[in-house]
Amino acid sequence: MTKEEVGDGRDDMDVDRDEIEVRQGIVELGFDTNYLKLYYGKLFPHAEMFKWMSYGNDGKHPACDQSYIGRREFSFTLENDIYVRFQSFNSAVELENSIKEKCPFKIDIGPVYNVDPAKRHAYAQAGDNVFTPVERELIFDIDITDYDDVRYCCSGADVCLECWPLMTIAIKVIDTSLRDDFGFNHILWVYSGRRGVHCWVCDGRARRLTNEQRAAITDYFCVYKGNDNSHKKVSLTATALHPFLERSSKVLTPFFEEKLLHSQNLFASEERFEKVLELIPDESVAAQLRGEWQVKPRSSTSGEDLNVVRWKRLKTKMKAPGLRRCCEEIVFSYAYPRLDLEVTKHMNHLLKAPFCVHPKTGRVCVPIDPDRCEEFDPTTVPTLSTLLEELNREGLRDDTENEWDRTSLGKSISFFTSSFLQPLLKSCKEEMESSYNAKVQQSKNSLSW
Ligand SMILES: [Zn+2]
């Protein structure tokens, strides 16, 4: 395969497997500009992304806002960390052509502004127009590096199947609350390509939240009331837990006891159990447990896991008055979702678009089904090189079906379309219809009056 063939985007199906293997050696993890060109040319769901960002404003309904999509910021990160911000697109073709031409290593999505972000300077010169965001999905960013003090299998950007369940449980807790407590329906969870997850809440009501309202929602999810110098990260002081925390506790406690305790060996060494003991406010109780655990652990007669034995022992000590909430506080300290609060609070934060390819891992940022999030395995997410290999293996086809259906990306795109995009667009149309009818009715009323 020559470079020219990649460039014109037509003859690139003759990538042969040997060539791929040679290239795999070169690019190591499967990230390569030519691969990326093929990916954007054949697999990236341009039209679906554009439909999503249009939220039903496709010009087909009299109540459509024709300027809507053109006021959305797209940001591209090009090779060598060149950022191209404040781009806007008025049609799916425009978006697709620009992506194919610039071949961005990363695509970020920003807010919808009051004016076309690409023309913000012209508007500013024209008068007192303040360039400001007016709509933005409610977004959440959860990064496993924020759990480094409670996971012992990996650190930094690394992630494995022992620590990934921390992300799974975060999805469960936040998703349930967004639906049950806030009544949101159109929620998209996306793997960030390496070490975390992103959440996009796309209901009209969520998109129109002010920064103040976003901050209030952030506070709702915030159980960390300490500061960096305090060991205690969670304080559940109220006599009765808020229903949200009560419900979260019912999810987090079994996860902590049945999974996290032994997967992370939370009590296996003095250094580790000290971290737990620091969370016990009663110094004499902590000292007693420390004393017991510092002596060489006896082999448990029941054959039970050391972590489980120590946790059970700790629980029996927590029956004392004043320590009632302590077990829950420990569970929350280790397992409660750790959100990047700044991302959620402000409308103008950029967030990586779904279906981007992570430049370090080569993995595609695929959606995660929150109802089946425990099945999600970040180590088997399609990579750029495996996808192109799959395309190549299947050979050329004449029919016009989507090329992605021939690859392992197909099921991710069809999940995105059928479970997220279609219901979202249906509700956008209904919202548009009802606000239009209300306006028509209003003008009728004013006429007859
Ligand atoms: Zn790990």
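Start by selecting I142 and V197: V197 in β7 is the bridge partner of I142. Keep in mind as you click around that this is a predicted model. Now widen the selection to the whole of β5 and to β7, residues 196-201; the two strands run antiparallel and are joined by 6 bridges. For another rung of this ladder, pick L138, which stands opposite V201 in β7.

**Out to the whole sheet**

Next, bring in the other strands. The sheet is open, has 4 strands in the order β5-β7-β6-β9, and pairs in the antiparallel sense. Its edges are β5 (138-143) and β9 (367-368), each of which pairs on one side only. Now add residues 165-180, helix α7, which packs on the sheet and touches β5, β6 (187-191), β7 and β9. Look along β7 and compare directions: α7 makes an angle of about 10 degrees with that strand.

Turn to the other neighbour of β7. Strands β6 and β7 pair antiparallel over 5 bridges, and one pair to click on is L188 with its bridge partner in β7, W200. Follow the chain through the hairpin of β6 and β7, where 4 residues sit between the strands, and stop at G193, which takes a positive phi near 95 degrees.

**Is β7 buried or exposed?**

Select β7 alone and then show its surroundings. Of its 6 residues, 6 are buried, so the strand is largely enclosed by the rest of the structure. In a regular strand, side chains alternate between the two faces of the sheet. Colour G196, H198 and W200 for one side of β7, then V197, C199 and V201 for the other; they are all buried, and both faces are covered.

Zoom in on C199. Leaving out neighbours within four places in sequence, C199 is in contact with I139, F140, I174, I187 and W189.

**Into the core**

C199 also leads to the next stop. Select Y39, L166, V197, C199 and A335: these have the most contacts inside the largest nonpolar core, a set of 94 residues. Helix α7 gives the most to this core, with 8 residues. Now colour by domain, with 3-219 + 340-437 as domain 1 and 228-335 as domain 2: both give residues to the core, so the core lies between them. As background, nonpolar side chains tend to be buried together in soluble globular proteins.

**A helix crossing**

Move on to helix α10 (residues 243-263) and helix α14 (residues 326-335), whose axes come within 9 Å and cross at roughly 75 degrees. That makes α10 roughly perpendicular to α14. Show side chains where they meet: α10 brings S249, L252, T253, F255, F256 and L260, while α14 brings E328, V331, F332, Y334 and A335.

**What does R338 touch?**

Step past α14 to R338, in the loop between α14 and α15 (341-345). Setting aside residues up to four places away in sequence, R338 touches I142, D146 and Y147, and I142 is the residue whose partner in β7 is V197. While you are there, draw a C-alpha to C-alpha distance from R338 to D141: they are 8.9 Å apart in space but 197 residues apart in sequence. R338 counts as partly exposed because it has 19 C-beta neighbours inside 10 Å.

**Two phenylalanines with a positive phi**

Most residues other than glycine have a negative phi. For a departure from that, go to F86 in strand β2 (residues 82-87), where phi is near 55 degrees. With 16 C-beta neighbours inside 10 Å, F86 counts as partly exposed.

Then jump to F355, in the loop between β8 (351-352) and β9. This residue has a positive phi of about 70 degrees, although it is not a glycine. F355 has 24 C-beta neighbours inside 10 Å, so it counts as buried.

**Zoom out**

Finish with the full chain in view. The protein chain holds 17 helices and 9 strands. Colour by burial, and buried residues make up 34% of the 449 residues. If you switch on a contact map, take the contacts between residues at least 6 apart in sequence: 69% of them join residues at least 24 apart.

Methods:
Residues are numbered from 1 along each chain as its sequence is written. This is a predicted model: local features need pLDDT of at least 70, side-chain atom pairs count only at pLDDT 80 or more; totals for chains, interfaces and linings use all residues. Two strands pair if DSSP finds at least two bridges between them. Two residues are in contact if their C-beta atoms, placed from the backbone, lie within 7 Å. Axes are lines fitted to C-alpha atoms, for helices over the stretch in contact, and angles run from 0 to 180 degrees between N-to-C directions. A residue is buried if 20 or more other C-beta atoms lie within 10 Å of its own, exposed if 12 or fewer, and partly exposed in between; C-beta atoms are placed from the backbone. A nonpolar core is a set of buried Ala, Val, Leu, Ile, Met, Phe, Trp, Tyr and Cys residues joined through C-beta atoms within 7 Å. Domain bounds come from an automatic or database domain assignment. Angles under 35 degrees count as roughly parallel, over 145 as roughly antiparallel, 65 to 115 as roughly perpendicular and the rest as oblique.
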